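Hi,

Here is the structure I promised to pass on. Have a look at it first, and then read my notes underneath.

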Amino acid sequence: NHGNAASGKYRISCSERLLIKGGRIVNDDQSFHADIYMEDGHIKQIGDNLIVPGGVKTVEANGKMVIPGGIDIHTHLQMPYRGTTTVDDFGQGTKAALAGGTTMIVDHVIPEPGCSLVAAFDQWRQWADEKSCCDYSLHVDITHWNDSVQQEVEALIKEKGVNSFQVYMAYKDYYQMTNSELYEVFTFLGERGGIAQVHAENGEIIAEEQARMLQMGITGPEGHVLSRPEELEAEAVFRAVTIASQTNCPLYVTRVMSKSAADIISLARKKGNVVFGEPIAASLGTDGTHYWSKNWAKAASFVTSPPLSPDPTTPDYLHTLLSSGDLSITGSAHCTFSVAQKAIGKDDFTQIPEGVNGVEERMALIWDKAVTTGKMDENMFVAVTSTNAAKILNLYPRKGRIAVGSDADLVIWDTDAVRTVTAKTHNSAAEYNIFEGLELRGAPQVVVCQGKIVLEDGNLHTSSGVGRFIPCSPYPDFAYKRIKLAVLKAVPRGMYDGPVSEYSLSRGGTPSASARNSPTKQPVRNLHQSRHSRRPPIRPAAGRRITVPPGGRSNITSLS
Amino acid sequence: MYNSLTLDRLLIKGAKIVNDDQSFCADVYMEDGVIKQIGENLIVPGGVKTIDAHGHRGMTSADDFYHGTKAALAGGTTMIIDHVVPEPGASLLSSFEQWREWADSKSCCDYSLHMDITEWHRGLQDEMETLVKDHGVNSFLVYLVYKDLFQLTDSQVYEVFSVIRDLGAIAQVHAENGDIVAEEQRRILSQGITGPEGHVLSRPEEVEAEAVNRSVTVANQTNCPLYVTKVMSKSAADVIAQARKRGTVVYGEPISASLGTDGSHYWSKNWAKAAAFVTSPPLSPDPTTPDYLNSLLSCGDLQVTGSAHCPFNTSQRAVGKDDFTLIPEGVNGTEERLALIWDKCVVTGKMDENQFVAVTSTNAAKIFNLYPRKGRIAVGSDADLVLWDPDLTHIISAKSHNSTVEYNIFEGTEVRGGPLVVISQGKIVLEEGTLHVTEGTGRYVPRKPFPDYVYKRIKARSRLAELRGVPRGLYDGPVCDVTVTPKVMTPVSSTKTSPAKQPNQPSRNLHQSGFSLSGAQIDDNIPRRNTSRVVAPPGAGPTSPRDPVPFCSLRA
């Protein structure tokens with residue numbers, strides 16, 4: 001009964017019962033030996049010598065680790081791209097996820113600028129409900145900003161179960177938001193308990209650099225990384241942190257790809273900012289030297305934004321920060337294109353569709369590079385691959401923990417298994433795997449999703465369409481306990497009743513807009529009018545002299 | 001008291017000469033405004049005015065910023081560099097001429113001029129080139145703040161910096177994030193905070209640090225030397241220090257105000273006093289800031305000091321009595337600068353007398369290509385020097401200062417160290433506490449581009465920065481059969497976008513869409529879409545009247 005249910009919803013029947021015996025349960029806070037009894041997709045009992053109904057299916061864990069199923073907090077499955085879609089749809093992508101020990105994904109809804117967020121969300125729901133093999137949630141990307149978008153965001157938070165929204169600081173003239181818009185979005189989210197996610201790169205400078213590269217005749221994938229140096233990522237992270245801090249909004253930086261960006265996040269955390277960093281499988285597992293590969297298709301398969309850093313010590317550094325807690329959560333940003341799709345940009349790197357694989361490799365990569373090397377322990381491993389994601393999504397402890405009442409999503413992890421990553425055997429439909437040839441220790445032995453075994457003895461038994469949408473509620477404690485409203489107070493003073501310099505030009509009656517400026521060194525200038533046009537009438541500089549009347553105070557008005 | 005015939009020849013005997021690299025005892029002989037001889041037992045023409053400088057130190061000074069030359073001279077500063085601030089829309093050259101005219105008629109000491117770029121279009125490039133080549137300007141200031149007025153976008157800053165680098169000039173930046181400041185001002189006002197404390201509340205130091213970080217990034221990308229004016233906070237100074245450790249060519253300029261006082265006064269119950277501190281970026285409310293900045297100045301992480309002297313009368317400030325955003329910005333400091341730094345850095349042992357000369361004079365002269373004519377006591381240098389008395393003590397007060405404003409932000413500060421004699425252009429302008437200045441004697445000092453101090457490194461980097469593509473055979477595999485926007489042939493800067501990962505409208509012309517971000521409607525795309533359907537290969541579905549884009553069609 002675990003076969004592919006080709007059609008219709010797979011209903012969880014009451015007969016779904018499962019017992020895992022002799023495992024060592026590893027949560028983010030502790031590890032202990034106990035049996036786990038699951039029923040109806042939930043964990044019902046944990047302990048020794050459990051009393052369970054007869055005839056229940058039993059899996060013998062033989063002392064192996066039992067961990068909460070992984071949560072991949074960042075995927076782009078079945079993502080539309082210029083009329084086609086990424087090669088891994090929700091079925092294929094979640095199958096790959098399950099094969100790697102990930103039992104829940106969170107996909108990004110990307111509405112076209114100008115289109116309805118709610119409509120896009122519903123569309124994504126429909127696609128995912130049809131095909132997803134595991135539970136999922138959705139982030140919604142805010143690709144433009146106005147009052148109606150604001151209302152839609154509110155509706156998504158209140159009625160649709162979305163608590164995280166991504167904004168873009170790159171993709172100039174397309175998705176990119178101005179600082180003022182970021183400020184407004186962050187303020188809005190901060191007041192409603194949402195998480196502001198940010199794609200951090202300085203799009204303005206990238207546009208300039210891209211033009212420069214193309215002018216120099218660099219058209220291959222190496223131009224991608226040359227035009228997006230890691231400083232531009234770090235700069236944008238710094239700016240996002242500043243705005244989030246001003247607006248008192250929790251910030252989540254998606255895709256931390258470079259050392260400098262990671263450093264900015266750790267510094268901000270040391271200063272007390274509520275900010276979370278998400279390195280992805282790609283930045284944790286490989287580097288950007290491949291952009292210089294002579295094989296165009298291979299080089300192009302690494303194209304993603306922000307790009308992989310050409311500094312080969314980056315992955316190790318990011319693992320260290322992940323282990324120390326400076327970076328909090330991992331995703332894959334899985335977004336796979338075929339070589340033919342990548343080839344859209346064969347003559348111009350700016351046209352190469354961006355995205356890399358990683359949903360299947362994420363857990364094993366982190367185990368191999370961080371746990372077996374002694375950087376982090378098994379509990380931290382659970383935290384960064386599952387628990388922290390559940391917390392920030394406000395799904396904890398339903399997800400991200402092995403506890404009575406939690407969802408029965410868990411993995412028996414075999415720390416001794418060794419696998420070699422290769423496109424020949426991976427579950428993605430892409431021709432290239434950016435981790436090709438990596439030998440990884442650690443792999444899932446048994447994967448249980450919704451209380452059912454989906455991976456056993458190396459065989460996948462997934463069912464398309466069984467995945468449920470898991471709504472996320474606002475104000476996750478993980479982020480919002482620390483967010484406090486700052487109250488500012490004015491200084492009580494008597495009214496100033498001294499002389500006032502004659503302010504020669506009429507003052508605009510409405511001091512409303514943001515354009516009010518204090519003019520350095522120009523007491524006289526009418527700033528209120530000048531804001532209406534970038535080019536105020538040229539006023540001879542000599543005119544400034546008029547404003548300070550000869551007596552200095554000929555025109556004293558009594559104020560009060 | 002001194003005969004005019006002797007004024008142009010001057011001998012200082014028995015002084016300890018302090019330059020930025022060494023100190024030594026010698027006599028200095030000056031003639032016609034230039035130092036002619038340095039040494040012992042100098043042979044000089046008879047009838048020379050002689051100053052016995054026993055036990056005192058001589059040093060030069062060059063300031064950087066704003067007028068008030070009389071006050072400057074009183075404080076031991078013998079040169080200033082003022083900022084030309086053209087109205088947006090006005091010609092740079094005519095503003096420059098205007099400033100020249102004002103300064104030539106008024107200045108009591110030599111001066112030079114920075115040019116502020118208050119708007120940006122390609123047409124200004126020629127004017128900048130003229131200023132550099134014909135008018136001796138080698139520094140340009142851009143603003144990241146004053147939204148909708150002076151503020152430039154990141155792309156504009158990128159272009160300006162590229163131009164500046166090609167011209168061999170220095171990019172200066174007023175670093176604050178204007179977008180956030182504008183939002184915060186609105187928020188603070190809406191909370192009913194209208195007094196001067198709103199000024200600092202709406203411009204927290206993070207916003208300054210952010211802008212410094214951003215300008216460092218752009219300067220790095222464009223390989224352009226960067227000079228951050230008015231470093232007011234610890235975090236901004238830290239960003240500069242870190243950037244220097246990473247190798248960026250960047251200089252930081254703390255000012256008298258940030259070195260000498262803090263922003264706690266914005267909360268003063270006396271409105272006029274609180275308003276007197278209003279400047280941007282604001283003084284930090286953190287009272288440990290001055291000490292921190294003095295430390296960084298001493299260790300070399302910050303290099304140059306200015307005063308940003310720009311004081312206003314209380315009645316002028318009162319324009320903003322009901323709204324802090326209208327308070328004219330600027331503080332005093334040109335007169336107090338040297339004594340403040342001496343008191344807080346040299347007396348406390350943070351820096352020695354040579355470093356003192358470096359940060360108050362020599363470094364500025366080097367960066368702006370005036371060295372060794374200015375910033376050094378050497379044969380052939382200008383005869384601008386100061387006999388400095390380290391034992392002089394005085395209390396700063398608006399009652400006795402040479403500025404015309406009613407408040408002095410350093411009121412009541414007791415400083416050790418002060419100028420005993422000040423010589424400008426070979427003439428004594430301060431002696432025994434008496435100023436003898438002459439309006440209009442100040443000369444404009446032109447500055448050449450490509451200062452060695454800055455550009456030696458920039459030039460080496462330009463040579464290294466050539467990038468090469470990877471030689472590959474042509475990709476001849478299958479290409480996904482989707483509609484691809486044909487590339488616009490002219491790769492005009494800043495409109496090319498990488499439409500990454502988007503559920504993209506196949507026919508959306510990204511290059512054109514750059515012209516209107518705001519108010520874009522879904523319908524805007526329709527005409528373009530129809531025309532670009534031609535581009536789509538028939539395979540994409542010739543019968544479909546619409547794009548194969550899921551989202552937009554949903555709304556129909």
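A definition to start with: the expected span of a helix is taken as 1.5 Å times one less than its number of residues. Helices here are DSSP runs of H or I with at least four residues, strands are runs of E with at least two, and both are numbered from the N terminus. Housekeeping: this is a predicted model, in which local features need pLDDT of at least 70 and side-chain atom pairs count only at pLDDT 80 or more, while totals for chains, interfaces and linings use all residues. Residues are numbered from 1 along each chain as its sequence is written, chains are lettered from A and ligands numbered from 1 in the order in which they are written, and side-chain values use heavy atoms, with hydrogens and water left out.

On to chain B. Helix 7 (residues 205-222) has 18 residues, so at 1.5 Å a residue it should span 26 Å, and its end C-alpha atoms are indeed 26 Å apart. Of those 18 residues, 15 are buried, where buried means under 20% relative accessible area, exposed over 50% and partly exposed in between (1.4 Å probe, protein chains only). Just after helix 7 of chain B comes B:Asn223, with a positive phi of about 55 degrees. Helix 13 of chain B (residues 337-346) is mostly covered too, with nine of its ten residues buried. Among the buried ones are B:Arg337, B:Trp342 and B:Asp343.

Now the totals for each chain:

- Chain B has 18 helices and 15 strands, and 63% of its 556 residues are buried.
- Chain A has 17 helices and 18 strands, and 64% of its 560 residues are buried.
- Chain B exposes about 19600 Å², with carbon and sulfur atoms supplying 52% of that; the areas come from the Shrake-Rupley method with a 1.4 Å probe, and for residues only the protein chains shown count as cover.
- Chain A exposes about 18800 Å², with 50% from carbon and sulfur atoms.
- Taking contacts (heavy atoms within 4.5 Å) between residues at least 6 apart in sequence, 76% of those in chain A join residues at least 24 apart; in chain B the figure is 73%.

Two threonines in chain A are worth clicking on. A:Thr103 sits in strand 9 (residues 102-109) and counts as buried because its relative accessible area is 1%. Leaving aside neighbours within four places in sequence, its contacts include A:Gly69, A:Cys134, A:Asp409 and A:Cys449. A:Thr286 lies in the loop between helix 9 (281-285) and helix 10 of chain A, and its 8% relative accessibility makes A:Thr286 buried. A:Pro315 is 29 residues from A:Thr286 along the chain, yet their C-alpha atoms are separated by 6.5 Å. Not counting residues up to four places away in sequence, A:Thr286 touches A:Phe302, A:Leu308, A:Pro315, A:Ile434 and A:Phe435.

Last, the cavities. A cavity is a set of points, on a 1 Å grid over the protein atoms alone, where a 1.4 Å probe fits but cannot get out; lining residues have an atom within 4 Å of a point. There are 17 cavities of 30 Å³ or more, and the largest has a volume of about 90 Å³. Its lining has 14 residues, and the closest to the centre are A:Ser301, A:Phe337, A:Lys342, A:Ala430 and A:Tyr432. Helix 10 (296-301) and helix 12 (339-342) of chain A each supply at least two lining residues.

Cheers

Key:
On a 1 Å grid over the protein atoms alone, a cavity is a set of points where a 1.4 Å probe fits but cannot get out, and a pocket is an open set with protein on both sides within 12 Å along at least five of seven lines; lining residues have an atom within 4 Å of a point. Grid points are joined across faces, edges and corners, and a volume is the space filled by probe spheres set on the points.
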